[in-house]
There are 2 protein chains.
Amino acid sequence: MNDARYGLSLWLDRLTLRSTLTEDEREAILALPGELELIRPNRDFVRLGEQVSRACLVVSGLAGRFGQTRNGERQMTALHIAGDMADLHSVVLPKAATALQSVGETLIYRVPHAEIHKLVGQSRTLAEAFWRDCMVDAAVLSQWALVNARLSAKGRVAHLLCEMACRFGKGQSHDGHEIDWPLTQTTLGDTTGLTPVHVNRTLRALREGGAAHITGKTMRVIDWPRLRDIAEFDARYLVLEKAD
Amino acid sequence: MNDARYGLSLWLDRLTLRSTLTEDEREAILALPGELELIRPNRDFVRLGEQVSRACLVVSGLAGRFGQTRNGERQMTALHIAGDMADLHSVVLPKAATALQSVGETLIYRVPHAEIHKLVGQSRTLAEAFWRDCMVDAAVLSQWALVNARLSAKGRVAHLLCEMACRFGKGQSHDGHEIDWPLTQTTLGDTTGLTPVHVNRTLRALREGGAAHITGKTMRVIDWPRLRDIAEFDARYLVLEKAD
DNA sequence: CGGATCCTTGACACATCTCAAGACCTGTGG
DNA sequence: CCACAGGTCTTGAGATGTGTCAAGGATCCG
């Protein structure tokens with residue numbers, strides 16, 4: 001299977017996690033045309049204010065959505081893993097109010113808005129599935145807003161670790177499980193609203209408290225209940241299973 | 001004109017600001033059935049985790065969407081003014097991941113999801129308009145995440161003043177204009193992630209700096225360029241005019 | 001082997017929080 | 001009309017979590 005179709009199948013999995021699609025609709029998703037592009041680490045590949053005409057699917061790696069202050073400080077407003085259509089909202093709001101950067105080397109697949117529009121026209125179910133997926137992203141952001149504004153540094157970092165463990169891991173128990181971790185401490189800071197220096201101290205505290213351990217390019221949850229408690233984490237906002 | 005239809009017409013104005021609708025579609029919006037409910041100040045009228053079956057349109061007053069930490073601290077993730085469908089996302093995600101409270105006395109109009117679903121089925125343009133409006137809310141939240149994480153207390157408060165001035169005011173020049181201000185300093189703190197005490201000190205600084213003045217139930221922008229500068233404010237994220 | 005990037009740690013500064021008390025305002029019941 | 005209660009605003013003094021600045025160590029890659 002080629003990379004494009006593999007990426008699309010990941011996205012399809014994500015969509016069917018939350019919406020029920022017919023065979024035709026699934027096929028239509030998998031047949032979406034587009035272009036692959038390999039982005040080197042820490043490159044901005046969608047700029048602020050740009051008029052966007054294609055949506056970016058993350059095939060592998062990690063993409064961050066961010067805003068920026070006048071003096072260049074960044075704040076992540078989303079982290080998109082493989083299978084996420086990072087940019088889906090640009091279909092209805094093509095003027096990018098927010099930019100995208102790669103975190104580590106990232107392979108993306110750019111799908112023209114026109115193609116997605118075509119699907120929206122053909123199937124109301126798909127239209128709703130796209131809308132719903134965008135709203136899950138918004139719910140995640142809403143949770144970040146809460147956590148970053150109200151929890152201590154330890155809570156914020158722990159929360160991000162919990163979230164990523166849930167999104168990366170496919171539902172295994174978390175304890176002791178190693179997962180790939182492309183985030184540098186600087187990126188962690190951009191996400192949690194902390195300085196890299198303080199992220200470092202906070203990670204040390206989590207390590208010494210026996211909650212979680214980040215080494216090199218992997219993250220390992222040592223004590224899930226403890227980490228979860230520090231983060232006040234409750235995975236329901238991620239909507240990782242279909243509602244009834 | 002009765003309150004319900006008036007509220008719907010405000011919402012219609014909001015929608016047509018960003019999407020182009022036909023006469024039939026406009027009429028369909030204005031004909032939406034529902035129930036009016038007057039909410040007393042500081043009441044929660046949608047609770048966390050609740051299974052929602054009707055969306056809440058704010059007819060008058062102000063509604064806040066918020067999340068809550070374990071020890072009860074609140075963080076606003078949206079403030080909805082008259083004409084906002086505060087809850088539109090609940091049509092595709094009926095399990096409330098976030099709660100709603102009134103800020104000051106608020107009149108809401110509850111519209112059954114089924115009715116909105118019917119419109120989505122009838123018109124792809126409306127479906128897209130709803131999706132688009134939800135994405136504008138998300139863009140606002142994204143801006144809040146940036147501001148609350150990266151700006152000083154003064155910047156955060158100033159930013160909220162700017163935003164509200166733009167959303168309340170219908171595009172007049174801002175200087176010296178008085179606008180209704182139902183937000184208490186506590187609510188301001190819940191929104192900006194500050195304690196009420198520090199909000200108070202920050203408002204004093206803004207007043208003494210000749211930027212803006214809040215008295216009793218009104219807010220007055222004294223020096224718009226200065227306020228805008230303190231807040232690093234750029235109204236484009238609000239999408240108050242149709243994109244091209 | 002050299003350079004870039006990332007991580008680690010320490011000492012100190014400061015923005016914001018916490019705690020506490022009092023003033024003001026508004027609606028209510030006697 | 002007054003007294004009171006509850007909510008809001010205001011201000012002060014001191015505590016603390018996180019930022020800033022600075023330097024050195026680790027790791028990776030060409």
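Guide: A polar contact is a pair of N or O atoms within 3.5 Å. The model discussed here is predicted.

Visitor: Which atom of DNA strand D lies 2.8 Å from a polar side-chain atom of B:Gln185?

Guide: B:Gln185 is listed among the closest residues to DNA strand D, together with A:Ala153, A:Thr195, A:Arg201 and B:Asn200. A polar contact requires N or O atoms within 3.5 Å. At 2.8 Å, the partner of the B:Gln185 side chain is a phosphate oxygen.

Visitor: Which atom of DNA strand D is 3.4 Å from the side chain of B:Arg201?

Guide: A:Thr195 places an N or O atom of its side chain 3.0 Å from a phosphate oxygen of DNA strand D. For B:Arg201, an N or O atom of the side chain is 3.4 Å from a base nitrogen.

Visitor: What percentage of the atoms of DNA strand D within 4 Å of the protein belong to sugar or phosphate?

Guide: The protein surface near this strand divides into four nonpolar, eight polar and three charged residues. On the DNA side, the atoms within 4 Å of the protein are split between bases and sugar or phosphate, and the sugar or phosphate part is 69% for DNA strand C. For DNA strand D that part is 64%.

Visitor: Which element gives the largest share of the surface near DNA strand D?

Guide: 15 residues surround DNA strand D. Four of the residues forming this surface come from one element, the largest share, and that element is helix 7 of chain B.

Visitor: Which residue has a polar backbone atom 2.8 Å from a phosphate oxygen of DNA strand C?

Guide: The closest residues to DNA strand C are A:Gln185, A:Asn200, B:Ala153, B:Thr195 and B:Arg201. B:Arg201 uses an N or O atom of its side chain, 2.9 Å from a base oxygen, and A:Arg204 uses a polar side-chain atom, 3.1 Å from a phosphate oxygen. The backbone approach to a phosphate oxygen, at 2.8 Å, is made by B:Ala153.

Visitor: Which helix gives the most to the surface near DNA strand C?

Guide: By class, this surface has four nonpolar, eight polar and three charged residues. The greatest contribution, four residues, is that of helix 7 of chain A.

Visitor: How are helix 4 of chain A and helix 4 of chain B oriented to each other?

Guide: Both helices span residues 124–150, and their axes lie 10 Å apart at an angle of about 20°. Angles under 35 degrees count as roughly parallel. The two helices are therefore roughly parallel.

Visitor: How many charged residues are in the contact of helix 4 of chain A with helix 4 of chain B?

Guide: The crossing of these two helices is left-handed. Their contact includes A:Phe130, A:Trp131 and A:Leu141 of chain A as well as B:Phe130, B:Trp131 and B:Leu141 of chain B. By class there are 14 nonpolar and two polar residues, and the number of charged residues is none.

Visitor: Is helix 1 of chain B parallel or oblique to helix 2 of chain B?

Guide: The axes of helix 1 (residues 3–18) and helix 2 (residues 23–30) of chain B come within 9 Å and cross at roughly 140°. Because of that angle, the relation of helix 1 to helix 2 of chain B is oblique.

Visitor: What is the handedness of the crossing of helix 1 and helix 2 of chain B?

Guide: Residues including B:Trp11 and B:Leu15 in helix 1 of chain B meet B:Arg26, B:Glu27, B:Ile29 and B:Leu30 in helix 2 of chain B. The residues of this contact divide into six nonpolar, two polar and three charged. The crossing is right-handed.

Terms used:
Residues are numbered from 1 along each chain as its sequence is written. Chains are lettered from A and ligands numbered from 1 in the order in which they are written. This is a predicted model: local features need pLDDT of at least 70, side-chain atom pairs count only at pLDDT 80 or more; totals for chains, interfaces and linings use all residues. Side-chain values use heavy atoms; hydrogens and water are left out. Axes are lines fitted to C-alpha atoms, for helices over the stretch in contact, and angles run from 0 to 180 degrees between N-to-C directions. Angles under 35 degrees count as roughly parallel, over 145 as roughly antiparallel, 65 to 115 as roughly perpendicular and the rest as oblique. A crossing is left-handed if the near helix is turned anticlockwise from the far one by less than a right angle, and right-handed if clockwise. Contact means heavy atoms within 4.5 Å. Ala, Val, Leu, Ile, Met, Phe, Trp, Tyr, Cys and Pro count as nonpolar, Asp, Glu, Lys and Arg as charged, and the others, Gly among them, as polar. A residue is near a molecule or strand if one of its heavy atoms lies within 4 Å of it. A polar contact is a pair of N or O atoms within 3.5 Å; within protein, one must be able to donate a hydrogen and the other to accept it, and residues adjacent in sequence count only if both atoms are side-chain atoms.
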